[in-house]
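Me: Can we go through this one together? I'll ask as I look.

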Amino acid sequence: MQFRSIIRIVGLLLALFSVTMLAPALVAFIYRDGAGFPFVVTFCLLLAGGGLLWLPNRHSRRELKARDGFVIVVLFWTVIGSAGAIPFLLSKTPDLSVTDSFFESFSALTTTGATVIVGLDELPKAILFYRQLLQWFGGMGIIVLAVAILPVLGIGGMQLYRAEIPGPVKDAKMTPRIAETAKTLWYIYLTLTICCAVAFWLAGMTVFDAISHSFSTIAIGGFSTHDASMGYFNSQAINLITVVFLLISACNFSLHFAAFANGGIHLRTYWRDPEFRTFLGIQLILFLICFGLLIKHQSYGSTFDTFDQALFQTVSISTTAGFTTTSFSEWPLFLPVLLLFSSFIGGCAGSTGGGIKVIRILLLMLQGERELKRLVHPRAVYTIKVGRKALPQQVVDAVWGFFSAYALVFVICMLALIATGLDELTAFSAVAATLNNLGPGLGEVAVHFGEINDGAKWVLVIAMLFGRLEVFTLLVLFTPTFWRN
């Protein structure tokens with residue numbers, strides 16, 4: 001294990017993260033809300049801390065192994081999540097406890113979108129902007145950004161990229177060089193954010209709200225600058241824009257690259273992708289079920305309102321964004337539970353969505369189909385293909401292993417929540433909301449997470465990390481094999 005190299009890189013990343021504090025400080029200056037001091041102090045602390053880690057180890061540039069990459073990614077997300085809590089601790093508005101500050105920071109950075117803050121409409125603009133900015137950086141991943149803009153990381157870039165990027169196939173690159181791939185991802189991410197912000201602004205949002213909500217929409221985070229979330233705007237145009245950009249962001253970003261590569265537009269690229277077709281099929285089925293049942297129960301005054309609410313909530317919850325226009329927990333109970341289960345599927349691999357990912361669900365279905373065929377023809381040899389490409393058995397086995405680990409982490413976290421005193425419905429939905437990086441739940445956490453006990457909040461912080469780092473990246477550190485030479 002290259003400990004000095006690991007410390008050097010974490011120091012660099014911490015110094016890089018400190019720069020993000022200047023943006024909310026600038027917002028505080030522009031709006032003169034008096035909330036800039038915590039960000040200036042945090043900037044100085046993080047820059048100094050990063051320098052202290054980097055300076056003694058600046059000459060340690062040994063080649064990183066896969067194990068080093070896992071340690072750096074887990075260590076960095078833990079350190080940055082903790083560092084991100086400092087402005088909340090120093091701020092007088094809102095006045096958060098240590099537990100709530102850490103919960104809010106990790107929820108933002110992991111793009112979970114579960115909040116403990118009530119009264120968002122009265123908060124300083126700087127605090128609101130900071131929450132949205134954390135989600136934006138967490139969506140694509142700060143380490144992917146670091147690989148793109150810090151060539152000083154050298155040959156370790158691929159190890160970090162593989163440890164952080166979501167999906168079962170970790171070696172896929174859009175360009176020959178990993179730094180160029182990381183840059184391309186961020187170019188696409190930034191372009192989508194700008195387009196989303198402009199669309200929100202044209203639909204009637206203020207400039208501040210448009211930029212803030214574009215951050216959390218493209219990151220599929222779900223934080224809002226208002227307690228009523230997207231329902232505050234009461235605009236069907238804004239709802240539709242949100243749906244469109246959530247669907248785009250929940251697609252594999254390599255598909256966006258392939259579709260618009262070489263200066264042309266190749267929309268057939270999307271339809272040729274089996275994961276994309278499965279993703280759209282799931283969205284359509286969920287929408288039709290929600291729309292049909294809401295019509296049957298006459299939940300809204302008109303068919304058009306029903307269509308709007310069903311489409312928005314279906315896409316928002318199933319892609320793990322967690323935006324709300326109405327309390328979906330007040331719908332007929334079947335629908336909230338259905339949507340909560342749909343968040344386990346989440347977005348596509350290589351997207352900013354949470355959950356298990358569509359490609360893994362597709363592979364599990366194909367594996368189940370293969371086992372049924374083997375019952376009929378035991379001696380036949382069947383290969384699992386995604387599109388026209390046959391997948392190695394190693395990938396299929398890894399998906400089964402991931403699913404088992406995901407279920408195990410879910411059960412352990414749920415039991416831990418029940419042990420802290422939460423009821424079964426709240427515990428189940430809270431773990432689903434945090435492990436899938438979704439946000440809103442049911443029961444006591446239907447609106448916010450501020451009322452549950454501190455022990456439960458720390459369990460959920462761990463669940464957020466497991467969800468964002470896709471279980472194995474974090475779980476592997478607890479195995480004896482990982483630490484053996």
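Me: What do the buried residues of α19 pack against?
Reply: In this predicted model, the buried residues of α19 (buried being under 20% relative accessible area with a 1.4 Å probe, protein chains only) pack against α18 (358-376), α20 (424-435), α21 (454-468) and α22 (472-475). Helices here are DSSP runs of H or I with at least four residues, numbered from the N terminus.

Me: And which residues of α19 are buried?
Reply: Among them are V395, V396, V399, F402, A405 and Y406, with V409, F410, C413, M414 and L417 also on the list.

Me: What about the span of α19?
Reply: Its 27 residues (393-419) should span 39 Å, counting 1.5 Å times one less than the number of residues, and the end C-alpha atoms are 39 Å apart, which agrees. Just after α19, G421 takes a positive phi of about 115 degrees.

Me: Switching topic, at what angle do α15 and α18 pack?
Reply: Helix α15 (residues 274-296) packs on α18 at an angle of about 95 degrees, with the axes 9 Å apart, which makes the pair roughly perpendicular (65 to 115 degrees). The contact, meaning heavy atoms within 4.5 Å, is made by P274, E275, T278 and F279 of α15 together with V358, I359 and L362 of α18.

Me: How are residues numbered, and what confidence applies?
Reply: Residues are numbered from 1 along each chain as its sequence is written. Local features need pLDDT of at least 70 and side-chain atom pairs count only at pLDDT 80 or more, while totals for chains, interfaces and linings use all residues, and side-chain values use heavy atoms, leaving out hydrogens and water.

Methods. Helices (H or I, at least four residues) and strands (E, at least two) are DSSP runs, numbered from the N terminus. Buried means under 20% relative accessible area, exposed over 50%, partly exposed in between (1.4 Å probe, protein chains only). Axes are lines fitted to C-alpha atoms, for helices over the stretch in contact, and angles run from 0 to 180 degrees between N-to-C directions. Angles under 35 degrees count as roughly parallel, over 145 as roughly antiparallel, 65 to 115 as roughly perpendicular and the rest as oblique.
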